[in-house]
Amino acid sequence: MATQQPEFEHPKKAFGWAARDTSGLLSPFNFSRRETGEKDVAFKVLYCGICHSDLHIVENDFGMSTYPLVPGHEIVGVVTEVGSRVHKFKVGDKVGVGCLIDSCHSCQNCVENLENYCPQLILSQGGAKHKDGTTTYGGYSDSMIADEHFVIGIPDEFPLDAAAPLLCAGITVYSPLKYFGLDKPGLHIGVVGLGGLGHLAVKFAKAFGANVTVISTSPNKQKEALENLGVDSFLISHDQDQLQAAIGTLDGIIDTVSASHSLLPLIGLLKSHGKLIMVGLPDKTLELPLIPLIKGRKIIAGSMIGGIKETQEMMEFAAEHNVKPDIEVIPIDYVNKAMERLHKADVKYRFVIDIGNSLKPSF
Ligand code: NAP
Ligand code: ZN
Ligand code: ZN
């Protein structure tokens with residue numbers, strides 16, 4: 001079991017930035033990674049996206065974090081070493097790892113390529129434990145290693161920095177759009193919260209041929225959303241007249257909001273049989289108003305990231321249809337400031353850390 005210090009758990013030195021407590025403040029941190037096993041792919045991390053979940057986790061919003069904690073689960077880079085039984089990747093390949101780093105491989109969910117719903121799922125960050133009892137450390141770090149099954153290939157033509165947010169934000173919105181049948185051309189799709197997940201929900205929904213309505217708290221995002229993101233209509237969530245005028249117009253809604261908010265107006269925006277899909281993770285329980293839900297046989301559901309096979313499919317779809325996140329690339333020493341800005345929804349639309357050029361190991 002992991003009784004040793006992080007620097008000595010494994011033979012390979014690693015370096016990253018970690019939070020030490022619920023202040024969430026990140027600072028340089030030495031730890032270690034395992035030797036490359038026969039099914040492992042090791043890679044040099046070049047970029048890592050900052051997901052709002054990183055912020056929830058470093059501040060222990062869900063009460064499950066353990067410190068020191070290296071966040072980061074939108075991790076991309078170039079393969080440096082592969083084990084003798086690795087078939088999918090070779091040294092030099094562009095690859096990534098998202099939220100999932102391991103699972104049981106044998107339960108019904110795993111067999112059906114839904115490792116994301118495996119009861120023994122191991123997350124790539126947040127103080128989760130590998131099967132050997134050592135701690136998982138995320139991608140705000142110089143190197144990564146994973147069983148090849150959990151490694152995603154990145155198409156050569158896709159820029160690595162832009163590929164990073166697809167590994168969590170991208171798959172988290174792509175998967176429910178597909179699963180709930182919200183990927184058919186001509187549907188009217190709502191997206192609540194225009195942040196990292198939300199702007200990718202807009203882009204995937206547009207690529208599927210939808211008419212897209214954004215429901216946002218931020219009037220300052222309206223102009224750009226309509227002009228550059230291709231959003232068809234933009235509703236301010238506190239403007240009752242706008243909401244009233246749009247009642248009963250949407251076939252489905254992807255709700256990406258990271259904080260408490262009312263579901264009542266959103267259920268009202270749905271047509272009969274419309275589907276409200278929750279992917280955002282407010283740290284407080286939300287109230288569910290039942291009368292507007294039962295009137296019109298509406299559905300409310302949840303969805304969490306996606307399986308590995310579907311993540312690879314999403315990556316290829318994104319490359320083929322030019323679905324690229326809008327990113328602000330930052331050096332690692334800006335990360336605490338970036339977290340502060342993320343708290344205030346002040347990013348268009350995803351921070352990506354330039355690990356390759358800014359993280360300087362200090363062994
Ligand atoms: P983000 O970039 O911070 O975007 C969240 C957006 O929610 C903000 O840009 C803002 O959009 C809106 N918002 C923020 N505070 C709000 C409030 N108090 N009331 C109403 N709207 C508010 O975050 P993200 O990285 O997209 O992640 C969004 C959520 O999804 C987080 O809770 C994250 O943990 C969760 N998540 C879930 C999964 C999953 O598997 N289900 C995967 C990844 C992330 P406007 O300015 O447009 O209002
Ligand atoms: Zn995430
Ligand atoms: Zn399983």
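In this predicted model, Glu224 and Lys348 pair in a salt bridge, with 3.8 Å between the closest N and O atoms. The two partners come from distant parts of the chain: Glu224 belongs to helix H6 (residues 222–227), while Lys348 sits in the loop between helix H11 (335–343) and strand E17 (350–354), 124 residues apart. Glu224 is partly exposed, at a relative accessible area of 22%, and Lys348 also counts as partly exposed, at 36%. Elsewhere, Lys178, Asp183 and Lys184 are joined into one network by salt bridges that share partners.

These contacts belong to a set of 18 salt bridges in the structure. Side chains of opposite charge can pair when their charged atoms come close. Another such pair is Lys39 with Glu148, whose closest N and O atoms are 3.4 Å apart. Here too, distant parts of the chain are linked: Lys39 is found in the loop between strand E2 (26–33) and strand E3 (40–50), and Glu148 in the loop between strand E8 (143–147) and strand E9 (152–153), with their positions 109 residues apart. Lys39 is partly exposed, with 29% relative accessibility. Glu148, at 5%, counts as buried, because buried means under 20% relative accessible area.

A further salt bridge brings together the side chains of Asp326 and Lys203, at 2.7 Å from N to O. Asp326 lies in the loop between helix H10 (308–320) and strand E16 (327–330), and Lys203 is part of helix H5 (residues 196–207), so this pair ties together parts that are 123 residues apart in sequence. Asp326 is partly exposed, with a relative accessible area of 24%. Lys203 has a value of 19% and is buried, since the limit for buried is under 20%.

On the surface, Phe62, Met64 and Leu281 form a nonpolar patch, and together they offer about 310 Å² of accessible area. Phe62 is placed in the loop between helix H1 (52–58) and strand E4 (75–82), and with a relative accessible area of 34% this residue is partly exposed.

Attention can now turn to the spaces within the model. The second largest pocket has a volume of about 260 Å³. It is lined by 15 residues, and Leu114, Tyr117, Ser175, Tyr179 and Glu310 are the closest to its centre. Helix H4 (169–179) and H10 are the elements that give two or more residues to this lining. By class, the lining of the second largest pocket has four nonpolar, six polar and five charged residues.

The count of cavities of 30 Å³ or more comes to two. The largest cavity has a volume of about 100 Å³. Of its 14 lining residues, His10, Arg33, His130, Thr135 and Ile145 lie nearest the centre. The elements that supply two or more residues to this lining are E2 and E8. Four nonpolar, seven polar and three charged residues make up the lining of the largest cavity.

The second largest cavity has a volume of about 60 Å³. Its lining includes Gly98, Cys99, Leu100, Phe150 and Ile152, along with Leu167, Ile171, Ile305, Gly306, Ile308 and Thr311. Eight of the residues lining the second largest cavity are nonpolar and three are polar, with no charged residue in the lining.

Technical notes:
Residues are numbered from 1 along each chain as its sequence is written. Chains are lettered from A and ligands numbered from 1 in the order in which they are written. This is a predicted model: local features need pLDDT of at least 70, side-chain atom pairs count only at pLDDT 80 or more; totals for chains, interfaces and linings use all residues. Side-chain values use heavy atoms; hydrogens and water are left out. Patches are made of residues with over 30% relative accessible area and no salt bridge: like charges are joined within 9 Å, nonpolar side chains (Val, Leu, Ile, Met, Phe, Trp, Tyr) within 5 Å. Accessible areas come from the Shrake-Rupley method with a 1.4 Å probe; for residues, only the protein chains shown count as cover. A salt bridge is a side-chain nitrogen of Lys or Arg within 4 Å of a carboxyl oxygen of Asp or Glu. Helices (H or I, at least four residues) and strands (E, at least two) are DSSP runs, numbered from the N terminus. Buried means under 20% relative accessible area, exposed over 50%, partly exposed in between (1.4 Å probe, protein chains only). On a 1 Å grid over the protein atoms alone, a cavity is a set of points where a 1.4 Å probe fits but cannot get out, and a pocket is an open set with protein on both sides within 12 Å along at least five of seven lines; lining residues have an atom within 4 Å of a point. Grid points are joined across faces, edges and corners, and a volume is the space filled by probe spheres set on the points. Ala, Val, Leu, Ile, Met, Phe, Trp, Tyr, Cys and Pro count as nonpolar, Asp, Glu, Lys and Arg as charged, and the others, Gly among them, as polar.
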